[in-house]
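User: I would like to learn how to read domains, chain contacts and charged pairs from a set of coordinates. Could you take me through them one feature at a time?

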Amino acid sequence: MGRARGVPVLRLRPRSARLCRQQPGKCARKPRLRLRVPAPRAMALLQPSRLLGAATSRRACLAPAAARSSSWWSHVEMGPPDPILGVTEAFRRDTNTKKMNLGVGAYRDDNGKPYVLNCVRKAEAQIAAKKMDKEYLPIAGLAEFNKASAELALGETSEVIKNGRYVTVQSISGTGSLRIGANFLQRFFKSSHDVYLPKPSWGNHTPIFRDAGLQLQAYRYYDPKTCGFDFSGALDDISKIPEKSIILFHACAHNPTGVDPRPEQWKELASVVKKRNLFVFFDMAYQGFASGDINRDAWAVRHFIEQGINIVLSQSYAKNMGLYGERVGAFTVICSDAEEAKRVESQLKILIRPMYSNPPINGARIASTILNSPDLRKEWLGEVKGMADRIIGMRTQLVSNLKKEGSSYNWQHITDQIGMFCFTGLKPEQVERLTKEFSIYMTKDGRISVAGVTSGNVGYLAHAIYQVTK
Amino acid sequence: MIASDTSLNHEYLPILGLPDFRANASRIALGDDSPAIKEGRVGGVQCLGGTGALRIGAEFLRRWYNGNNNTTTPVYISSPSWENHNSVFTDAGFKDIRTYRYWDPAKRGLDLQGLLEDMEAAPEFSIFILHACAHNPTGTDPTQEQWKQIATVMKRRFLFPFFDSAYQGFASGCLDRDAWAVRYFVAQGFELFCAQSFSKNFGLYNERVGNLSVVGKDANNVQRVLSQMEKIARTTWSNPPSQGARIVATTLTSPLLFAEWKDNVKTMADRVLLMRSELRSRLEDLGTPGTWSHITDQIGMFSFTGLNPKQVDYMIKEKHIYLMASGRINMCGLTTKNLDYVASSIHEAVTKI
């Protein structure tokens with residue numbers, strides 16, 4: 001494997017010792033704590049709220065006796081629970097039978113149950129019958145999956161596909177794709193290390209880009225006054241972004257707001273982006289899931305490319321194929337030509353290899369089987385539309401139920417917004433009341449996962465929201 | 001069992017992975033009666049293969065070990081080692097990656113003296129990557145007595161042990177025997193990391209099944225460590241793939257399947273051991289110049305044959321036998337059908353080149 005420019009070179013030091021920098025400071029005094037020892041079976045992550053705060057003192061001083069008896073980790077702080085996944089954990093602990101989990105964005109059917117797509121089950125059966133081996137995938141993943149994934153996003157007739165001026169690598173779902181992209185840009189995008197995110201954005205975007213060594217900035221996006229798109233604010237901010245900065249867009253079904261630009265607004269955004277010569281990173285986690293139509297949901301991505309903007313793109317199959325825990329995703333770089341694509345691919349592999357060597361096969365095989373078999377693909381498109389339609393239906397029912405409750409507020413944004421999430425406009429205090437008084441769980445920003453709403457509980461939800469907002 | 005269980009779905013695992021997998025994977029490494037497990041001071045992080053476990057461990061160490069975000073802590077990797085070790089720690093942000101002497105090409109064995117000297121000379125708190133068993137690529141492991149000496153020096157110099165355990169069970173055929181070094185260090189009171197891979201011993205290569213076992217001074221420390229591991233996992237892959245972990249967890253928690261697995265592992269290890277003895281005896285029968293006892297002295301998947309780059313080139317170009325330029329061969333590539341051909345080819349390479 002060749003060495004990329006900018007990759008630190010292994011330095012072989014002479015054997016002579018170097019004095020280690022020793023940290024001054026008092027010996028760490030950790031709180032004396034006897035915890036109940038959980039049985040090995042249940043040795044999962046223990047609830048952070050039950051634990052003492054960490055000793056924040058500096059690392060142990062170095063008198064041998066003291067160092068031996070203290071821990072290397074005395075100064076390690078207790079990390080805060082993940083805001084999104086933490087909601088589910090709190091929900092699980094709740095014993096109220098009417099409880100609702102509107103936290104994490106995972107689709108539920110009208111019975112509130114996880115939904116395994118029929119096309120997925122069929123694909124799994126086909127794969128099992130072939131009794132394939134478990135040999136390592138290449139670093140870039142399953143080739144048939146990569147190709148099909150690019151075609152799904154870009155359209156099969158895309159000139160990019162025809163000219164082969166792209167590279168797609170399999171990734172660990174959307175997060176892994178964003179991470180590869182972030183690391184790739186940190187290493188090779190020399191013009192800027194500033195990434196502009198919409199305000200607000202998915203909570204995990206910020207730490208992903210930051211961990212990769214990039215700086216985060218924001219452009220206006222959500223208008224809390226209208227619970228809609230702040231188009232003029234976005235245009236204004238974007239037109240002032242320094243040239244050649246990196247800008248991230250949600251391709252469809254914006255997370256967490258559910259607010260998407262209309263096509264004519266996307267056109268203007270693309271035009272400003274071109275004028276400012278910005279580098280575009282599209283995050284598409286919901287293709288098909290937003291409108292029910294995969295082409296419509298990919299429209300913005302395809303439009304930008306047609307305008308000559310060579311984007312990078314993250315895709316996830318967690319939601320639209322219900323493959324959440326299988327970790328299926330892809331990262332695509334649109335290049336000037338096929339030769340550049342080959343060079344980019346080689347560098348992506350150099351990034352991936354020291355991260356996890358090669359990706360997991362199971363989900364990619366399922367996705368590839370579905371995308372590449374006409375029958376299964378057709379069935380999948382129908383099921384995706386079914387999921388999207390159910391969500392759209394729940395939005396409609398929620399609004400009509402709120403009206404029936406007697407709410408005087410304008411809840412139109414609930415049906416204007418699209419995709420899995422809805423920014424209700426509820427304030428943190430109201431959210432807290434919903435959780436405490438009604439056992440309805442959502443993130444503090446007032447975001448609900450509409451996928452967690454069913455015809456059985458939409459009335460209860462409307463009632464609860466009315467109670468905390470009247 | 002998993003395929004026919006219709007109650008299973010494809011939902012997200014927790015960030016740190018499947019609880020049953022994590023607990024049982026750590027149990028496999030540290031032993032059923034591990035006092036550290038009983039004391040609740042062991043944690044597991046499900047990761048994508050051994051590579052993923054190494055990377056998450058490296059990312060954590062760079063953030064939290066020997067100060068905060070101390071990228072200058074020296075990291076020592078054996079000479080030679082698996083090439084990816086260097087990249088893992090470099091990409092995790094460490095700036096000072098060094099080697100410690102390991103392989104003695106003259107005696108075709110462990111350079112223990114050089115190893116211990118390098119440990120004595122290493123700055124305190126340096127991180128040492130140790131191969132738990134079946135050293136890759138040399139197939140040369142310290143004996144138990146040698147491990148004891150290594151542990152003594154590491155304790156005195158406050159060096160951090162980061163074990164890479166990719167072949168537990170695969171080396172000797174016995175899980176406990178292959179975990180002896182890790183368990184000894186734990187018994188000696190070390191805090192350590194152990195990156196476990198289930199790629200080889202479960203044959204689950206492409207499912208990416210790994211576990212980072214964290215052994216700390218007490219439960220409180222381990223819990224805080226795990227909470228920070230969560231943050232790292234969240235920005236790397238959010239949560240790990242479920243399929244392979246379910247397979248391993250199901251196997252490890254079912255007495256029947258567990259017994260069958262141990263047997264399967266022994267079968268794999270025995271075949272490799274057979275190939276070693278068969279190759280060695282053929283070379284000795286052919287009278288191939290040099291000594292070939294190292295082929296059976298070495299352990300695990302790989303053998304450092306001692307072939308030089310020119311001889312390796314001959315093997316590839318003339319005999320269509322593909323091996324690494326270092327002379328490393330994967331013993332698993334040998335079968336009863338090709339042993340003769342490989343032996344005679346090595347003979348030719350050594351006598352002609």
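**Domains, interface and charged pairs**

Analyst: In this predicted model, the centres of domain 1 of chain A and domain 2 of chain A, taken over C-alpha atoms, are separated by 28 Å. Domain 1 of chain A is assembled from the segments 84–89, 97–114 and 389–468, while domain 2 takes up 118–378.

User: How many residues of each domain of chain A are in contact with the other domain, and what area is buried between them?

Analyst: On the side of domain 1 of chain A there are 17 residues in contact with 18 residues of domain 2 of chain A, and the area buried between the two is about 1300 Å², with carbon and sulfur atoms giving 67% of it. Within domain 1 of chain A, the residues that lose the most area to domain 2 are A:I418, A:F421 and A:F423, which together account for 40% of what that side buries. A count of salt bridges between these two domains of chain A comes to zero.

User: Where do the domains of chain B lie in the numbering, and how far apart are their C-alpha centres?

Analyst: Domain 1 of chain B covers 9–253 and domain 2 of chain B covers 269–352, with their C-alpha centres 30 Å apart. Here 18 residues of domain 1 are in contact with 17 residues of domain 2, and about 1400 Å² is buried between these domains of chain B, 65% of it on carbon and sulfur atoms. The residues of domain 1 of chain B that lose the most area to domain 2 are B:R108, B:P137 and B:F170, together 40% of what that side buries. Between domain 1 and domain 2 of chain B, the number of salt bridges is again zero.

User: What does the UniProt record place on chain B?

Analyst: The UniProt entry, which is unreviewed, places the feature "domain: Aminotransferase class I/classII large" at residues 4–346 of chain B. In the model, that span is 47% helix and 14% strand, and its end C-alpha atoms lie 49 Å apart.

User: Turning to chain A as a whole, how many helices and strands are there, and what share of the residues is buried?

Analyst: Chain A has 17 helices and 13 strands, and 57% of its 470 residues are buried. Of the contacts in chain A with a separation of 6 or more, 75% are between residues 24 or more positions apart. The accessible surface of chain A comes to about 20900 Å², and carbon and sulfur atoms hold 51% of that surface.

User: How should I read the interface between chain A and chain B, and how many salt bridges are counted there?

Analyst: One can begin with contacts and area, and then turn to the charged pairs. There are 90 residues of chain A in contact with 90 residues of chain B, and about 8000 Å² is buried between the chains, 54% of it given by carbon and sulfur atoms. The salt bridges between chain A and chain B number five, whereas a search of the whole structure finds 38 over all chains.

User: Which pairs show what a salt bridge between the chains looks like?

Analyst: Side chains of opposite charge can pair when their charged atoms come close. One case is the salt bridge between the side chains of B:E207 and A:K134, at 2.9 Å from N to O. This pair crosses from the loop between strand 8 (192–197) and strand 9 (210–215) of chain B, which holds B:E207, to the loop between helix 3 (118–130) and helix 4 (143–154) of chain A, which holds A:K134. B:E207 is buried, with a relative accessible area of 3%, whereas A:K134 counts as partly exposed at 28% relative accessibility. Another salt bridge is formed by the side chains of A:R187 and B:D91, at 3.0 Å from N to O.

User: Why are B:E59 and B:R55 separated by about one helical turn?

Analyst: They are separated by about one helical turn because they stand four residues apart in helix 3 (residues 49–64) of chain B, and their side chains meet in a salt bridge at 2.8 Å, N to O. B:E59 also forms a salt bridge with B:R63, the closest N and O atoms being 2.7 Å apart, and this pair too lies four residues apart in helix 3 of chain B. Salt bridges that share partners join B:E59, B:R55 and B:R63 with A:R179, A:D211 and B:R62 into one network. B:E59 and B:R55 are both buried, and B:R63 is buried as well.

Definitions and conventions:
Residues are numbered from 1 along each chain as its sequence is written. Chains are lettered from A and ligands numbered from 1 in the order in which they are written. This is a predicted model: local features need pLDDT of at least 70, side-chain atom pairs count only at pLDDT 80 or more; totals for chains, interfaces and linings use all residues. Side-chain values use heavy atoms; hydrogens and water are left out. A salt bridge is a side-chain nitrogen of Lys or Arg within 4 Å of a carboxyl oxygen of Asp or Glu. Helices (H or I, at least four residues) and strands (E, at least two) are DSSP runs, numbered from the N terminus. Buried means under 20% relative accessible area, exposed over 50%, partly exposed in between (1.4 Å probe, protein chains only). UniProt positions are given in the numbering used here, feature names are shortened, and annotations may be inferred rather than shown by experiment. Contact means heavy atoms within 4.5 Å. Accessible areas come from the Shrake-Rupley method with a 1.4 Å probe; for residues, only the protein chains shown count as cover. Domain bounds come from an automatic or database domain assignment. Buried area is the accessible area (1.4 Å probe) that two parts lose on being put together, summed over both.
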